Amino acid sequence: GQDRAKEVVNKALNNPLIDADPKEAKKALVHILGGNDFKLQEADEILKNIQEALDEDAKLIWGAHLNPELQGNLRVMIILTGLKPKYLKEDDLYVQ
């Protein structure tokens with residue numbers, strides 16, 4: 001329940017491919033995959049955990065999908081927007 005919801009969100013937000021602070025995200029697209037044991041309460045818990053990790057005014061759009069092959073497992077994909085990459089300087093963001 002709550003433990004696996006927190007774990008899957010932590011793994012998604014701490015993915016090494018995210019090279020920015022999620023707290024800066026203004027919007028997020030969230031896709032949740034779970035087995036037949038996936039409950040709507042888990043989706044709510046996942047979304048609450050994501051919302052807490054983002055900008056307080058961030059907008060979330062989400063969807064969920066059941067896949068019997070994922071029985072006992074959860075997968076979350078998060079696409080964040082409104083971020084500034086850590087490795088770029090402000091001057092690098094503009095092309096002249």
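**Entry 1: a surface patch**

I began at the surface and found a nonpolar patch of about 390 Å², made by Leu29, Ile61, Met77 and Ile79. I note here that the model is a predicted one. I took Leu29 from the patch and looked up its place, which is strand S1, residues 27–34. Leu29 counts as partly exposed, because its relative accessibility is 42% and that class lies between 20% and 50%.

**Entry 2: the chain as a whole**

I then stepped back to the whole chain. How many helices and strands does the protein chain have? I counted two helices and three strands. Read from the N terminus on, the elements of the protein chain run α-β-α-β-β. The protein chain has 96 residues, and buried residues make up 32% of them. For the surface I noted about 6,800 Å² exposed by the protein chain, with carbon and sulfur atoms supplying 51% of it. I also looked at contacts with a separation of 6 or more: residues 24 or more positions apart account for 89% of these in the protein chain.

**Entry 3: helix H2**

I checked the length of helix H2, which covers residues 40–53. Its 14 residues should span 20 Å at 1.5 Å a residue, and the end C-alpha atoms are 20 Å apart, so the two values agree. Next I asked which residues of H2 are buried. They are Glu42, Ala43, Glu45, Ile46, Leu47, Asn49 and Ile50. I kept a general point beside this list: an α-helix has 3.6 residues a turn, so residues three or four places apart point the same way.

**Entry 4: the nonpolar core**

I turned to the largest nonpolar core, which has 20 residues. Which of its members touch the most other members? I wrote down Val30, Ile46, Ile50, Val76 and Ile78. The elements that give two or more residues to this core are H1, S1, H2 and strand S3 (74–81). H1 gives the most, with five residues. Ile46 and Ile50 also stand in my list of buried residues in H2.

I followed Val30 in particular. Leaving out residues up to four places away in sequence, Val30 touches Leu47, Ile50, Leu60, Ile61, Trp62, Gly63, Val76, Met77 and Ile78. Ile61 and Met77, two of these, also belong to the surface patch of my opening entry.

**Entry 5: salt bridges around Arg4**

I went on to the charged pairs, with the general point in mind that side chains of opposite charge can pair when their charged atoms come close. The count of salt bridges comes to five. One of them joins Asp37 and Arg4, with the closest N and O atoms 3.6 Å apart. This pair links distant parts of the chain: Asp37 is in the loop between S1 and H2, Arg4 is in helix H1 (residues 2–13), and 33 residues separate them. Asp37 counts as partly exposed, because its relative accessibility is 25%.

Arg4 also forms a salt bridge with Glu42, where the closest N and O atoms are 2.5 Å apart. Arg4 lies in helix H1 and Glu42 in helix H2, so this pair ties together parts that are 38 residues apart in sequence. Are Arg4 and Glu42 buried or exposed? I found both Arg4 and Glu42 buried.

**Entry 6: Asp55 and Lys26**

Another salt bridge joins Asp55 and Lys26, with the closest N and O atoms 3.2 Å apart. Here too distant parts of the chain are linked: Asp55 sits in the loop between H2 and strand S2 (59–66), Lys26 sits in the loop between H1 and S1, and the two are 29 residues apart. Asp55 counts as buried because its relative accessibility is 17%, and Lys26 as partly exposed because its value is 44%. I add that salt bridges sharing partners join Arg4, Asp37 and Glu42 into one network.

I also listed what surrounds Asp55. Aside from its neighbours within four places in sequence, Asp55 is in contact with Pro22, Lys23, Glu24, Ala25 and Lys26.

**Entry 7: Asn67**

My last stop was Asn67, in the loop between S2 and S3. Asn67 counts as partly exposed because its relative accessible area is 24%. Which residues does Asn67 touch, not counting those up to four places away in sequence? I found Gly34 and Gly35. I also looked up Asn67 against Asp37, which is 30 residues away along the chain, and their C-alpha atoms are separated by 9.8 Å.

Note on methods: Residues numbered from 1 in each chain as written. Predicted model: local features only at pLDDT ≥ 70, side-chain atom pairs only at ≥ 80, totals over all residues. Heavy atoms only, no water. Patch = residues over 30% accessible without salt bridge, like charges linked within 9 Å, V, L, I, M, F, W, Y side chains within 5 Å. Areas by Shrake-Rupley, 256 points an atom, 1.4 Å probe, with all protein chains shown as cover. Salt bridge = Lys/Arg side-chain N within 4 Å of Asp/Glu carboxyl O. Helix = DSSP H or I, 4+ residues; strand = E, 2+ residues; numbered from the N terminus. Buried < 20%, exposed > 50% of the residue type's maximum accessible area, 1.4 Å probe, protein only. Expected span 1.5 Å × (residues − 1). Core = buried A, V, L, I, M, F, W, Y, C linked by side-chain atoms within 4.5 Å. Contact = heavy atoms within 4.5 Å.
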